[in-house]
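Student: I've got this one open on my screen. Let's go through it together.

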Amino acid sequence: MMKYHKLTAQFIKGYHKKLFLIVFAWMVWGSLYAQKPLRQSFPDVLNLKQHITGIRNIEKSVFSDMGAWHAYALPSEKVDYGSFIGPMVMDLDGKWLAATLAKLELREDGKLIDLSAAKATQHYYPGLLEQSFLINGVEVKQQLIFVSGREAMQRTRIINHSKLVKSLSVSFNGNILLDGLLQKTASGVVFHQTQKENYFTLAFQQKATITVAEKSYHADFGKVKIAPGKSIDFVQVQSYFLQTKELATNASKTDFATALKQNELRWNGYLQSYFSKTQALDSDKSRLAVKAMVTLMTNWRSAAKDILHDGVFPSVNYQGFYGVWSWDSWKQAVGLSQFNISLAKDNIRCMFDYMDEHGMIVDCIYTDKSENNWRDTKPPLAAWAVWKVYEQSKDAEFVKELYPKLVKYHKWWYENRDHDKNNLCEYGSTDGTRIAAAWESGMDNAVRFDSAVMVKNNDHAWSLNQESVDLNAYLFAEKSYLSKLALVLGKKAEAEVWEKQTDGLAAIINKQFFDETKGYYYDKLFNKNERITVEGTEGWIPLWAGIATDDQAKAVMNVMKNKNKFNTKVPLPTFTADHAKFDPQNGYWRGPVWLDQFYFGIIGLKKYGYNKLADEMLNKLFNNAEGLLGDAPIHETYHPITGKGLNAYNFSWSAAHLLMMLEN
């Protein structure tokens, strides 16, 4: 029999300014027949409670799927029982459209049944919110899933567990928090946000009498009789459309049971796809892998307005991340390729949709393309991403589609970011500003750029006055991946050209950037032998790229394993811990541990045979990064000394790199 890991994930969440409680019931280890659902195989076995306050923190626990632009949560306050919390809508200004858009109200003999007094159970499974409330022999079971990139579907099942026929009056109520126009439709209500094209619709599949006030509605289903042991269902579709032209006149008529089965098959497919390729993982690491998958899927946004292909937000938590970034996309695609090939491909395509005539890839894109950041790009890892997607998919047509674009983008670097034309590139910008050039590195405020100045290359390109070791190591690696991709397409001659371009380049990079006395790689000022001798993660990228000699790799390894520098409680901070400017709490790229850079370091160590040290550092990460193996969300960064999670919650590239690390 085939064996799989099991997951049960449970969150209890609040909303708005209310105190809320997160309850995570995770996976246990064991075997499972293939035909059984993975996500609901075992009962909850672990309850870890964490009390959190503050309106910003609600976003730790939202649920979205299928690339939808709206999200929900489970209620923590008893007064909200009988409803899901939300939706939160995620265009340029993610806000809560409602606290409880469809709250169930039951009456028996004219008396309100107080669901706040019910025995409640709540679950957040991968792809499914589920809750039930039991009171006076009546059980209310509510399930919510997404059926498309615009539609969520909710079923409320009322079950009579008593020995008598139950005669119940059934209605749903909701209140809107945002400004706009709420109107009645034939099957429910539609809300139009003021001064925007965005619409939210709520449609009931069963006939109801709808009444609408200024910002509230009431849907009355009248009286229903339920025999002992029997049940009755009420199904609704909640849809968020970002443009008027998307507005559907009729909501989906899909049968909920069919949609739920399709949802289960889809998610079990994701889980099986990942776990069938990984080494055996213990229960803690298995649940971390599932948490990472859920993180990526929650941050998935389907094509909308000026985002022409599906993409993944860095984090749904932070409104400043309501877009798609190029560097993030390459990394996310590699993680996604292990369980969702289609999304991995589109996550790459959405950035190449905005490649300009020169070959530059825009830094980030938004639903309104006038907001796109053309001041800089991001480090070149696109060919790596396409190759990794190909390894999983074996889709040569995808390679054929992207290869010429990858070539154009690669050449762009040498045409616009090599000031002295010595085949070693610099980070830069299109507007001549140093801040945009630092952004282009992806390491926005890294200490190595503190004294850099700008030089002009042409009318639309400026460079920093320093050549960066990580950039040139990435470009070296990209040549190798372009060679592999050329061979996939049968372009043997082109593959040989790419390989020839790497000939001697490793030696040049080693000579220019490696300091023999310090045993580490550093950026250098061009036209000078002077190196910028601050130690950061850029120093181990040559190991990841396979550029370093064995002796150089050993020297870098010795720096990496030094407990005063990089072998901290959570290892491999972005900046050496013994420097005066080391500031993990406030430094962003001046000390926190970023999991992408951690990954490059670990893979670099393993390439040169330092597997024991790599595994020790991995275990320190898993055990010491706050909540990583527990109930906390995956963070953007981690404090290397305390292990505290820092910056955005539910961060996509962190999740993607965790999947890569757990797979190896």
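**Talking it through**

Student: I'll start with a residue that caught my eye. What is the relative accessible area of Tyr588?

Tutor: Tyr588 comes out at 24%, so it counts as partly exposed. Buried means under 20% relative accessible area, exposed over 50%, and partly exposed in between, with a 1.4 Å probe and protein chains only. Tyr588 is in the loop between helix 12 and strand 31, and its phi is near 60 degrees, a positive value in a residue other than glycine. Helices (H or I, at least four residues) and strands (E, at least two) are DSSP runs numbered from the N terminus.

Student: What kind of model is this?

Tutor: It's a predicted model, where local features need pLDDT of at least 70 and side-chain atom pairs count only at pLDDT 80 or more, while totals for chains, interfaces and linings use all residues. Residues are numbered from 1 along each chain as its sequence is written, and side-chain values use heavy atoms, with hydrogens and water left out.

Student: And what is the mean pLDDT of the chain?

Tutor: The mean is 90, and 90% of the residues reach 70 or more. pLDDT is the predictor's confidence in each residue, from 0 to 100.

Student: Where does pLDDT stay under 50?

Tutor: Over residues 1–59. The model has 189 contacts for that stretch beyond four places in sequence, contact meaning heavy atoms within 4.5 Å. Where pLDDT is low, the predicted coordinates should not be read in detail.

Student: OK, rings next. How many aromatic pairs does the structure hold?

Tutor: There are 41. Rings of Phe, Tyr and Trp (its six-membered ring) pair if their centres lie within 6.5 Å; planes under 30 degrees apart count as stacked, over 60 as edge-to-face and the rest as tilted. One of the pairs is Trp327 with Trp653, which is edge-to-face at 5.3 Å centre to centre and 80 degrees between the planes. Trp327 belongs to helix 3 (residues 326–336) and Trp653 to helix 15 (residues 652–663), so this pair ties together parts 326 residues apart in sequence.

Student: Are those two buried or exposed?

Tutor: Trp327 is buried at 1% relative accessible area, and Trp653 is buried at 4%. For a stacked pair, look at Tyr520 and Phe566, with 6.1 Å between centres and 15 degrees between the planes. Tyr520 lies in strand 28 (residues 520–521) and Phe566 in the loop between helix 12 (550–560) and strand 31, so that pair ties together parts 46 residues apart in sequence. Tyr520 has 0% relative accessibility and counts as buried, and Phe566 is also buried at 0%.

Student: Back to Trp653. Which charged end sits over its ring?

Tutor: That of Lys331, 3.5 Å from the ring centre. The criterion is NZ of Lys or CZ of Arg within 6 Å of the ring centre and within 35 degrees of the ring normal. Trp653 is also part of one aromatic cluster that includes Trp327, Tyr588 and Trp594.

Student: Trp594 rings a bell from the strands. What is its bridge partner?

Tutor: Thr637, in strand 32. Strand 31 and strand 32 (residues 635–638) run antiparallel and are joined by two bridges; two strands pair if DSSP finds at least two bridges between them. The open sheet here has three strands in the order 31-32-33, with antiparallel pairing. Strand 31 (593–594) and strand 33 (645–649) are its edge strands, each pairing on one side only.

Student: New topic: which residues have the most contacts inside the largest nonpolar core?

Tutor: Trp330, Ile348, Phe352, Trp544 and Leu621, in a core of 197 residues. Helix 8 (residues 469–488) gives the most to this core, with 11 residues. Another core lies apart from it, with nine residues, among them Tyr125 and Phe256. A nonpolar core is a set of buried Ala, Val, Leu, Ile, Met, Phe, Trp, Tyr and Cys residues joined through side-chain atoms within 4.5 Å.

Student: Last one: which peptide bond is cis?

Tutor: The one from Gly86 to Pro87 is cis, with omega near 15 degrees. Pro87 sits in strand 4 (residues 85–89).
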